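Work through the exercises below with the sequence and the model open side by side. Try each task before reading its solution.

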Amino acid sequence: MEINKNIESIIGDPKKAINRLAYPTILSMLLMYANNLIDSMWVSGLGSKPLAALGFMSPLYLVIIGVGVGIGAGANSLISRLIGAKQYEESNNAAMHSIVLASIVSILILLIGVFFLKDLLILFGSSEVIDLAMDYGMIIFLTSYIILFPAVVSSLFRAEGDIRRAAVPLVVNAILNIVMDPIFIYYFNWGIKGAAIATVLSTLANLLMMLYWYLIKRDTFIKLSLKYYHSKMEIYKEILLVSLPASCEEVIYSIVAICFNYLIFITAGTMEVAIFTVVWRFVSIGFLPCIAIGVSTITVSGIAYGARNYENFKTTINYSTFISFIITLIICAIFFIFAYPISEGFNFINGNPQMIARTAEVLRIMVFYNLFIPFGATAAYVYQGVGSGFKSLALTILRELVLSVFFAYIFAIPLKMGIFGVYLGAIIGMILGSFIGFVCIKLYERSFKKECEKTVV
């Protein structure tokens, strides 16, 4: 099995490899998250209750995507390490194991949706808008295979360095969703159900494009075929060691959003939840450079680790952190300066001046939530790249759930700072957790250097 230009490009200079993988990935992930943002924009025209219902359902939607991203991260990590170790044939087998795993998980998600979705939504505090939340949520859960699978297949393209094929289907996905949302929501008068249907159909187009390249055109480095599948529990274990923690990390992000929704609801009411739903979309966009560069870091750090190349490993950590921080800083500055026109543009359908002004105010506060995430996020993704998924999970739990939510609660309730306390506490917890993560990965870098020195001796 001969390497191609894509493989050669990610084995060499880690800075060039990260640049080549990350910048198209930032664009593609912006478009992926745009689906959620586009849904929110068009649903806002139906009023605050449908928008709040979407806000309560969105964490569960992101959990489904997160599970796919998690399985993809596990596959990406293992395949990258196999490529670094020049075990090319085994990389095909690892890819097939990830497809089987994704199929099993998507069935489990469907069953959870059928039997427990309403109970989950009520548990999250959506009783006031439960019918609207169910209208959107049931469509998403019944088509969980379509929602989950693109993230897994896309990770295979990234593992082999073929970023164009990982990105182009997401562009098509976003364009189709932009076109179909207003048609299904308003022209057909399907309301919030129309938003869900548009999301599913646009995502299906994404999936079909990627499967065409793998199953019909068959000109990829990684091959998807049953002839390459030789069931090995060790491979499932290696994928799960990263994918389980990585999926749990996405679940953690959703739990954090649910906790914030609850704290906001009890301190400021349903209208503030609707406003936070909008702001959280932009917080997610601000986080995308960390995710995109982090996904690239999984590949590059995994290859450096598999090849036992300390210098490339060190460069990957430092460069990923630096470039993530610079891009995040620029995005946060843009959101802060243009908060009002951004909020006005987002709420152009309902034109509520009070909602526009409050959205801008909250957005200006929450940009500081994002600012130092690159230091913690890089650490988490490097741990995934080397196969230490549970260390990555531990850092994410500490940063996102323990510190951010804990401080948000302390400031809002015991210290009686109300809604401002929720936002301030979340920011303080995030900053503290991010720097703890960065210290941890630098210590791991030193231990890896010693391992490499012993190998040379």
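The exercises deal with helices, charged pairs, nonpolar cores and aromatic rings.

The model is predicted, so local features are taken only at pLDDT of at least 70 and side-chain atom pairs only at pLDDT 80 or more, while totals for chains, interfaces and linings use all residues. Residues are numbered from 1 along each chain as its sequence is written, and side-chain values use heavy atoms, with hydrogens and water left out.

**Exercise 1. Check the length of helix α10 against its residue count, then describe its bend and its surroundings.**

Step 1. Helices are DSSP runs of H or I with at least four residues, numbered from the N terminus. Helix α10 covers residues 270–306, which is 37 residues.

Step 2. The expected span of a helix is 1.5 Å times one less than its number of residues. For α10 this gives 54 Å, and the end C-alpha atoms are 50 Å apart, which agrees.

Step 3. The bend at a residue is the angle between axes fitted to the seven residues ending there and the seven starting there. In α10 a kink of about 40° is found at Phe287, shortly before the proline Pro289.

Step 4. Buried means under 20% relative accessible area, exposed over 50%, and partly exposed in between (1.4 Å probe, protein chains only). Of the 37 residues of α10, 35 are buried.

Step 5. After α10 comes Arg308, with a positive phi near 55°.

**Exercise 2. Do the same for helix α6.**

Step 1. Helix α6 takes in residues 144–159, 16 in number. From first to last C-alpha it reaches 24 Å, close to the expected 22 Å.

Step 2. Because 15 of its 16 residues are buried, α6 is largely enclosed by the rest of the structure.

Step 3. Gly161, just after α6, has a positive phi of about 80°.

**Exercise 3. Find the salt bridges, and state which parts of the chain three of them join and how accessible the partners are.**

Step 1. A salt bridge is a side-chain nitrogen of Lys or Arg within 4 Å of a carboxyl oxygen of Asp or Glu. The whole structure yields eight.

Step 2. One of them pairs Lys232 with Glu90, with the closest N and O atoms 3.1 Å apart. Lys232 sits in the loop between α8 (192–217) and α9 (233–268) and Glu90 in helix α4 (residues 88–123), so this pair ties together parts 142 residues apart in sequence. Lys232 is partly exposed at 36% relative accessibility, and Glu90 is partly exposed at 23%.

Step 3. Glu272 and Arg358 form another, at 2.9 Å from N to O. Glu272 belongs to helix α10 and Arg358 to helix α13 (residues 353–370), and the two are 86 residues apart. Glu272 is buried at 7%, and Arg358 is buried at 18%.

Step 4. Glu451 and Arg308 meet at 2.8 Å, N to O. This pair links helix α16, which holds Glu451, to the loop between α10 and α11 (310–337), which holds Arg308, across 143 residues. Glu451 is partly exposed at 34%, as is Arg308 at 30%.

Step 5. Arg165, Lys217 and Asp219 are joined into one network by salt bridges that share partners.

**Exercise 4. Which residues have the most contacts inside the largest nonpolar core?**

Step 1. A nonpolar core is a set of buried Ala, Val, Leu, Ile, Met, Phe, Trp, Tyr and Cys residues joined through side-chain atoms within 4.5 Å.

Step 2. The largest such core has 130 residues, and Phe260 and Tyr369 have the most contacts inside it.

Step 3. Contact means heavy atoms within 4.5 Å. Beyond its neighbours within four places in sequence, Phe260 touches residues including Phe276, Trp280, Tyr369, Val405 and Val422.

Step 4. Another core lies apart from this one; its 14 residues include Tyr310, Leu395, Ile441 and Phe448.

**Exercise 5. Classify the ring pair Phe372 and Phe375.**

Step 1. Rings of Phe, Tyr and Trp (its six-membered ring) pair if their centres lie within 6.5 Å; planes under 30 degrees apart are stacked, over 60 edge-to-face, and the rest tilted. The structure has 28 aromatic pairs.

Step 2. The ring centres of Phe372 and Phe375 are 6.4 Å apart and the planes stand at 35°, so the pair is tilted.

Step 3. Phe372 is partly exposed at 25%, whereas Phe375 is buried at 16%.

Step 4. Phe260 appears again here, in one aromatic cluster with Phe276, Trp280, Tyr369 and Tyr423.
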